[in-house]
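Welcome, and thanks for taking a look at this one with us. Please have a browse through the sequence and the coordinates, and then use the notes that follow as a guide.

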Amino acid sequence: MSDELIPKVKQMIIDALRIDGMEADEIDSDAPLFGEGLGLDSIDALQLVVAMEKDFGVVVPDAATGTKVFASVRAMAAYIAENQK
Amino acid sequence: MTIWLFPGQPLQPEQATPDDADFHALADLCRAYCGYDLITYKPLAGHPLSHHTCLQIYGVAMSLYRARKLRNAGSVPSLISEHSLGIYAALAASGSIAEQDALELVSRIGSCMSQMGAVEEYSLGCPIGLPIDPVEAAARNNGVFVANYNTSRHFLLAGSKQGIEAALAECQAAGAFSVSSFPCEAPLHTPLMAEVRDDLAAIVAEYHIAEPQVPLIESFGQTCLTAATIPAFLVDELQQPVYWERTWKAVRATGFSRCREVGSGQALTKFNRWIDSEAGTL
C-alpha cells in the first residue's frame, strides 16, 4: 500500500521544494532526505509538512516526528499510509 | 532584469573549498585586510579573531567570490538587496565600497561586537512553524528580541542565553514545529547593540562610501540606500530587526525576471519560496 504512494511523494517533494531539473525517478526511495541525500534542512522540513497536509491530509506535529517521517521517501510514504483518513 | 540577494552569516563553512583565481584573490585580500585564512578558516598568527568573526569574514568573502563568478558569467544586477551581514558584500557589489573595505569592515565590526560576549553570554534562537504573535510574546516574556522576521513562520530571536532558552521553551510549548539555538557573541539586530554603537560608528566613519551604482534595497525599511544614508545604516541595522518578508515583497514588486542568491547556502531562496507559495506568486 505505502509503496504505491512513493511516486506521488517524490513528485510532492519536487513540487513543494521547487527542485528544478530533477525527475521523480532520480530520487532514491531509501536515501536520507536531510543532511546527505537531498540535503534538506529545517526550512525545507516545514515546507514538506505543509505540502503533506495539503496533498495527503496528514499532519506531522513536531520535529521529533518529522525526524522519523522524513528519514526517507519510503518512510514518508509509510507514515502517510498509516495516518491518511 | 536580474536581482542579486546577499544572505546573512552562514552557520558553518561550506564542505568544498573553491580552487580558482577569483577565490585565491579573495583569500589574499582576507589575509591582507583581516588576518584571516580563507582556506583553513582560521585567523593568521597574531590576529586574535574569534570563531564568530571568522565566520562573518568567511560569509562576506564567499559572497564576494560568488559575485565575481556571476559577473564573469555575464550576470549584471539591476537591483541588489541584503539580509543582515549581507550588507557588506552588497555594498561592494553596488560599487559603494571596495572588496577589501567590505572584508576589513566586517572584520573590525565583528571584533568590536565580540567584546560584548566577554561580559554576557548571548544566543540566537530559531523557532520554526509558529506565527509571529506567540513568538513575539515569548520574546517579550523572557527579555529577548525578534531579530529576524524571515517569513510568516521563520523567525530568529536574539538576547541573553538564558532568555533565549526560556523563550524557545515557550515557543515549543506553544506548538512550534522545531526550535534550535546557536551561541553568538553579541545580540545582533536588537536594541542591546546600542552598547557598542559609538565604537561601531567610529569604525564606519573611517571608510569612504561612494554612491551605489546599482540600487540597493535594505532589509529594515526597504529603502534604497545612498552614500549619505549608508554610514548610519551600517550602525543602526545592528540595533534593528531584519524584515526579510517585507524586503522580498518589495523586491518582487519591481518585476525582475531573474534572481540570484549571492553567497554561502540557499537560505534566502528557501525563505522566498515560502513567501511566494503563501502569496500564490509562483
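In which order do the 4 strands of the open sheet in chain B run? The order is 9-4-1-11, and the pairing is parallel. Please keep in mind that this is a predicted model. The predictor gives an ipTM of 0.85 and a pTM of 0.94 for the complex, while chain B has a mean pLDDT of 96, with 99% of its residues at 70 or more.

**The open sheet of chain B**

- Strand 9 (216-217) and strand 11 (258-261) of chain B are the edge strands, each pairing on one side only.
- Further in, strand 1 (residues 2-6) of chain B is joined to strand 4 (residues 79-82) of chain B by 4 bridges, in the parallel sense.
- If you would like a residue to start from, take B:Ile3, whose bridge partner in strand 4 of chain B is B:Leu79.

**B:Arg260, a residue of an edge strand**

- B:Arg260 sits in strand 11 of chain B, which is one of the edge strands of the open sheet.
- Is B:Arg260 buried or exposed? B:Arg260 counts as partly exposed, because it has 17 C-beta neighbours inside 10 Å, and a buried residue would need 20 or more.
- Leaving aside residues up to four places away in sequence, B:Arg260 touches B:Thr2, B:Trp4, B:Leu5, B:Leu70 and B:Ser75.
- B:Ala98 is 162 residues from B:Arg260 in sequence, and the two C-alpha atoms are 21 Å apart in space.

**Strand 6 of chain B and its partners**

- Strand 6 (residues 145-151) of chain B is mostly covered, with 7 of its 7 residues buried.
- With strand 7 (residues 154-160) of chain B, strand 6 of chain B pairs in the antiparallel sense over 5 bridges.
- A hairpin through 2 residues links strand 6 of chain B to strand 7 of chain B.
- Within strand 7 of chain B, B:Leu156 is the residue that stands opposite B:Asn148.
- Strand 6 of chain B also runs parallel to strand 10 of chain B, and 2 bridges join them.
- For that second pairing, look at B:Tyr149, which stands opposite B:Tyr243 in strand 10 of chain B.

**Two domains in chain B**

- The domain assignment divides chain B into domain 1 (2-117 + 190-279) and domain 2 (119-184).
- The C-alpha centres of domain 1 and domain 2 of chain B are 24 Å apart.
- Where the two meet, 14 residues of domain 1 of chain B are in contact with 16 residues of domain 2 of chain B.
- On the domain 1 side of this contact in chain B, strand 10 (242-243), helix 9 (244-252) and helix 10 each supply at least two residues.
- Which element gives the largest share of that domain 1 side? Helix 10 of chain B does, with 4 residues.
- Sorted by class, the side of domain 1 of chain B that touches domain 2 of chain B holds 9 nonpolar, 3 polar and 2 charged residues.

**Where chain B meets chain A**

- How many residues does each chain bring to the contact? Chain B contributes 9 residues and chain A contributes 9 residues.
- Helix 10 (residues 267-279) of chain B provides the largest share of the chain B side, with 3 residues.
- By class, the chain B side that touches chain A has 3 nonpolar, 3 polar and 3 charged residues.

**A helix in chain A**

- In helix 4 (residues 73-83) of chain A, the buried residues are A:Val73, A:Met76, A:Ala77, A:Ala78, A:Tyr79 and A:Ile80.
- These buried residues of helix 4 of chain A pack against helix 1 (2-16), helix 2 (42-56) and helix 3 (63-69) of chain A.

**Positive phi angles in chain B**

- B:Tyr41 is not a glycine, yet has a positive phi of about 65°.
- You will find B:Tyr41 in the loop between strand 2 (36-37) and strand 3 (42-43) of chain B, where B:Tyr41 counts as partly exposed because it has 15 C-beta neighbours inside 10 Å.
- B:Ser84, also not a glycine, has a positive phi of about 55°.
- The loop that holds B:Ser84 lies between strand 4 and helix 3 (86-93) of chain B, and B:Ser84 is buried, with 23 other C-beta atoms within 10 Å.

Terms used
Residues numbered from 1 in each chain as written. Chains lettered and ligands numbered in written order. Predicted model: local features only at pLDDT ≥ 70, side-chain atom pairs only at ≥ 80, totals over all residues. Contact = placed C-beta atoms within 7 Å. Nonpolar A, V, L, I, M, F, W, Y, C, P; charged D, E, K, R; others polar. pLDDT = per-residue confidence, 0-100. Pairing = 2+ DSSP bridges. Domains from an automatic or database assignment. Buried ≥ 20, exposed ≤ 12 C-beta atoms within 10 Å, placed from the backbone.
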